[in-house]
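Okay, thanks for coming, everyone. I'll just talk through one model today, so have a look at the screen and then we'll go strand by strand.

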Amino acid sequence: MEGTFKLLYPSGKIARIMTYKNGKREGESLTYYENGKVNQKVAIKNGLFNGKVEKFSDKSGKLVGTGIMKDGLPDGEFVEYDETGKVISKVKYKDGKEVK
């Protein structure tokens, strides 16, 4: 598999856009709410989540969560925000395990 692919909702609206290289997901993957707003942006390398993850509100489209993934596992600080941008929670991970 090679190239950019779009998955659609039954309504015909875009649900996900992803790129494949050498048969593996590669690059930025975007998922969308059915209302057309971006749900999530994820960096992918060698078929695994690697890099920044961003989650957005289905109502306002504002950023409501961020984090870092490494080889498909949470690795670093994940922050959740409310609709006004105020931090709701912070959790740190190392190699997929919560660090307290």
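Before anything else, a word on pairing: when I say two strands pair, I mean that DSSP finds at least two bridges between them. With that in hand, β7 and strand β9, residues 76–81, do pair, antiparallel, over 2 bridges. And please keep in mind that what you're looking at is a predicted model.

So let's stay with β7, since several things hang together there. In the pairing with β9, Gly 65 sits across from Glu 80. Then there's β6, which pairs with β7 in the antiparallel sense over 6 bridges. If you want a spot to zoom in on, take Lys 52, which has Ile 68 of β7 standing opposite. And β8 joins in too: 2 bridges link β7 and β8, again running antiparallel. There, the residue facing Lys 70 is Leu 73 in β8.

Now the turns. How many residues lie between β6 and β7 in their hairpin? It's 6, and within that turn Gly 61 has a positive phi of about 80 degrees.

Also in that loop between β6, which spans 48–56, and β7, you'll find Ser 57. Is Ser 57 buried or exposed? With a relative accessible area of 6%, Ser 57 is buried, because the cut-off for that is under 20%. Its side chain has two polar partners I'd like to show you. One is the side chain of Glu 83, in a polar contact at 2.5 Å. The other is the backbone nitrogen of Ser 60, which the Ser 57 side chain reaches at 3.2 Å. If we skip the neighbours within four places in sequence, Ser 57 has contacts with Tyr 33, Lys 37, Val 38, Lys 62, Val 64 and, once more, Glu 83.

Okay, swing round to the other end of β7. The hairpin of β7 and β8 has 2 residues between the strands, and Asp 71 takes a positive phi there, near 50 degrees. To place Asp 71 properly: it's in the loop that connects β7, 63–70, with β8, 73–74. What does Asp 71 touch, once neighbours within four places in sequence are left aside? Leu 48, Phe 49 and Asn 50. For a sense of distance, Gly 27 is 44 residues away from Asp 71 in sequence, and the two C-alphas are 14 Å apart.

Let me pick up Asn 50 from that list. Asn 50 belongs to strand β6, and at 17% relative accessibility it counts as buried. Not counting residues up to four places away in sequence, Asn 50 touches Ala 43, Ile 44 and Lys 45 on the one hand, and Met 69, Lys 70 and Asp 71 on the other.

While we're on positive phi, jump to Asn 22. This one isn't a glycine either, yet its phi is positive, about 55 degrees. Asn 22 is in the loop between β2, 14–21, and β3, 24–25. And Asn 22 is exposed, with a relative accessible area of 64%.

Last stop, the aromatics. How many aromatic pairs does the structure hold? There are 2. Phe 5 and Tyr 20 make an edge-to-face pair, with 5.5 Å centre to centre and 85 degrees between the planes. That pair links distant parts of the chain, as Phe 5 is in strand β1, residues 3–8, and Tyr 20 is in strand β2, 15 residues apart. As for accessibility, Phe 5 is partly exposed at 31% relative accessible area, while Tyr 20 counts as buried at 17%.

Then we have Phe 78 and Tyr 93, also edge-to-face, at 5.4 Å centre to centre and 80 degrees between the planes. Phe 78 is in β9 and Tyr 93 is in strand β10, residues 87–94, so this pair ties together parts that are 15 residues apart in sequence. Tyr 93 is partly exposed, with 23% relative accessible area.

That's my tour. Shall we go back to the screen and take questions?

Note on methods. Residues numbered from 1 in each chain as written. Predicted model: local features only at pLDDT ≥ 70, side-chain atom pairs only at ≥ 80, totals over all residues. Heavy atoms only, no water. Helix = DSSP H or I, 4+ residues; strand = E, 2+ residues; numbered from the N terminus. Contact = heavy atoms within 4.5 Å. Buried < 20%, exposed > 50% of the residue type's maximum accessible area, 1.4 Å probe, protein only. Polar contact = N/O pair within 3.5 Å; in protein donor to acceptor, adjacent residues only side chain to side chain. Phe/Tyr/Trp six-rings, centres within 6.5 Å; stacked < 30°, edge-to-face > 60°.
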